[in-house]
Amino acid sequence: MVAATSFGFWVGLTDAGTPRHPRLSYETTLWQPRMVHAFPWLRGVRRKQLHHRLDEVRRFRNRLAHHEPIVRAPLERIRDDVLEIAGFVHPEAERFIRGASRIDDVLARRSHVLENGNAMI
């Protein structure tokens, strides 16, 4: 069942829900008693801040999935957010993604293309 849920579903769990509602406030019914434990290395980042960053990553991922242009997207910031969010779960997750990622090479090639006008394949 967990594997069948979407990334958007998980991002939604970090949202506020219906504030001040006794059962529909995600802050008090989901986040504080349970969800915060999924991010043991959160280091003082609030749920609202985490949700905003997760939602930015989700929206970027959706743009990619719909083949929308990302030439003006803040790729470095999104990369940093993905790495930091993974680190909130576990520092080893951040290290694994950092080691497996090729984004820095891609960003370097993008800079070369923009500066020199010739593409490298």
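Is R20 buried or exposed? R20 is exposed, with a relative accessible area of 82%. The notes below start there and then move to the interior. Bear in mind that this is a predicted model.

1. **R20 and its loop.** R20 sits in the loop between α1 and α2, the latter covering residues 26-31. Its backbone deserves a look. R20 has a positive phi, about 65 degrees, yet it is not a glycine. On accessibility, R20 counts as exposed because its value of 82% is over 50%.

2. **H67, another positive phi.** H67 belongs to the loop between α3 and α4. Its phi is near 55 degrees, a positive value in a residue other than glycine. H67 is exposed too, with a relative accessible area of 74%.

3. **V71, in the loop between α3 and α4.** V71 is also placed in this loop. What is the accessibility class of V71? V71 is exposed, at a relative accessible area of 57%. Now check its distance to G87. The two are 16 residues apart in sequence, and their C-alpha atoms are 27 Å apart in space.

4. **V11, inside the protein.** V11 is part of helix α1, residues 7-13. Its relative accessibility is 2%. V11 therefore counts as buried, since the cut-off is under 20%. Which residues does V11 touch, once neighbours within four places in sequence are set aside? They are H51, L54, D55 and R58. L50 makes a useful distance check. L50 and V11 are 39 residues apart along the chain, but 9.1 Å separates their C-alpha atoms.

5. **The aromatic pair in front of V11.** The structure holds two aromatic pairs. One of them joins F9 and W10. Their rings are edge-to-face, with 5.2 Å from centre to centre and 85 degrees between the planes. Neither ring residue is classed as buried: F9 is partly exposed at 42% relative accessibility, and W10 is partly exposed at 33%.

6. **The largest nonpolar core.** In soluble globular proteins, nonpolar side chains tend to be buried together. Here the largest nonpolar core has twelve residues. V11 is one of them, along with L13, W31, M35, F39, L42, V45, L50, L54, V57, I85 and F88. Three helices each supply at least two of these residues: α1, α3 (47-65) and α4 (75-89). α3 gives the most, with three residues.

7. **L42 within that core.** Take L42 as a sample member of the core. Leaving aside neighbours within four places in sequence, L42 is in contact with W31, L50 and F88. Each of these partners is also listed in the largest core. Another core lies apart from this one. It has five residues, including F60, A73, L75 and I78.

8. **The largest pocket.** The volume of the largest pocket is about 330 Å³. How many residues line it? There are 15, and F60, I78, R79, V82 and I103 lie nearest its centre. Four helices each bring at least two lining residues: α3, α4, α5 (91-100) and α6 (103-116). The largest share, five residues, comes from α4. By class, the lining has ten nonpolar, one polar and four charged residues.

9. **The second largest pocket.** This pocket holds about 200 Å³ of space. Its lining is made up of F7, W10, V11, T14, M35, A38, F39, L54, V57, V82 and I85. The elements giving two or more residues are α1, α3 and α4. Which element gives the most? α1 does, with three residues. The lining has ten nonpolar residues, one polar residue and no charged residues.

10. **Where the points meet.** V11 ties several of these notes together. V11 is a member of the largest nonpolar core, and V11 also lines the second largest pocket. W10 appears in that lining and in the edge-to-face pair with F9. V82 is worth tracing as well: V82 is among the residues nearest the centre of the largest pocket, and V82 lines the second largest pocket. F60 links the other core to the largest pocket, where F60 lies among the residues nearest the centre.

Technical notes. Residues numbered from 1 in each chain as written. Predicted model: local features only at pLDDT ≥ 70, side-chain atom pairs only at ≥ 80, totals over all residues. Heavy atoms only, no water. Buried < 20%, exposed > 50% of the residue type's maximum accessible area, 1.4 Å probe, protein only. Contact = heavy atoms within 4.5 Å. Phe/Tyr/Trp six-rings, centres within 6.5 Å; stacked < 30°, edge-to-face > 60°. Core = buried A, V, L, I, M, F, W, Y, C linked by side-chain atoms within 4.5 Å. 1 Å grid on protein atoms, 1.4 Å probe; cavity = no way out; pocket = protein on both sides within 12 Å on 5 of 7 lines; lining within 4 Å. Points joined across faces, edges and corners; volume = space filled by probe spheres on them. Nonpolar A, V, L, I, M, F, W, Y, C, P; charged D, E, K, R; others polar.
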